[in-house]
Amino acid sequence: EEKMKSEESTTTTPKTTSLEEKMKSWEASEEEIKAATLGGVVPGGGGGGEDRTDAFDVGLYIAFPIMVISCLAFVFFPLIVGNIDINSVGPPPTS
């Protein structure tokens, strides 16, 4: 009976592999990525060391300065409003 238990324990222990090797085995190969993504178009540049700029990145490059300038104008508007000359405009209509 003890002999049987010792044989089971030796056969059921999996081969020890490092965490890096296990993680590499989980990742998809280039062929699998191309097959699953209609030609290999993957968000984030593909990971092959190539730096690709797509339309989303270009949109962010355009929107970021506009967002920063508008946020700064919103934050500093209370300081700027005192310097705006509104005498020539007159009061708003009441009716």
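Let me start with helix H4, residues 55-80, in this predicted model: at 1.5 Å a residue, its 26 residues should span 38 Å, and because the C-alpha atoms at its ends lie 36 Å apart, the expected and modelled spans agree. That said, H4 carries a kink of about 35 degrees at phenylalanine 74, a position that comes shortly before proline 78.

Stepping back to the whole protein chain, we have four helices and zero strands, so that reading along the sequence gives the pattern α-α-α-α.

On confidence, I would ask you to keep the helices apart: H4 has the highest confidence in the chain, with a mean of 93, whereas helix H1, residues 2-12, has the lowest, with a mean of 53. For the protein chain, the mean pLDDT is 77, and 69% of the residues reach 70 or more.

Finally, turning to the surface, how much of the chain is buried? Of the 95 residues, buried ones make up 1%, while the accessible surface comes to about 9200 Å², with 65% of that area belonging to carbon and sulfur atoms.

Methods:
Residues are numbered from 1 along each chain as its sequence is written. This is a predicted model: local features need pLDDT of at least 70, side-chain atom pairs count only at pLDDT 80 or more; totals for chains, interfaces and linings use all residues. Side-chain values use heavy atoms; hydrogens and water are left out. Helices (H or I, at least four residues) and strands (E, at least two) are DSSP runs, numbered from the N terminus. Buried means under 20% relative accessible area, exposed over 50%, partly exposed in between (1.4 Å probe, protein chains only). Accessible areas come from the Shrake-Rupley method with a 1.4 Å probe; for residues, only the protein chains shown count as cover. The expected span of a helix is 1.5 Å times one less than its number of residues. The bend at a residue is the angle between axes fitted to the seven residues ending there and the seven starting there. pLDDT is the predictor's confidence in each residue, from 0 to 100.
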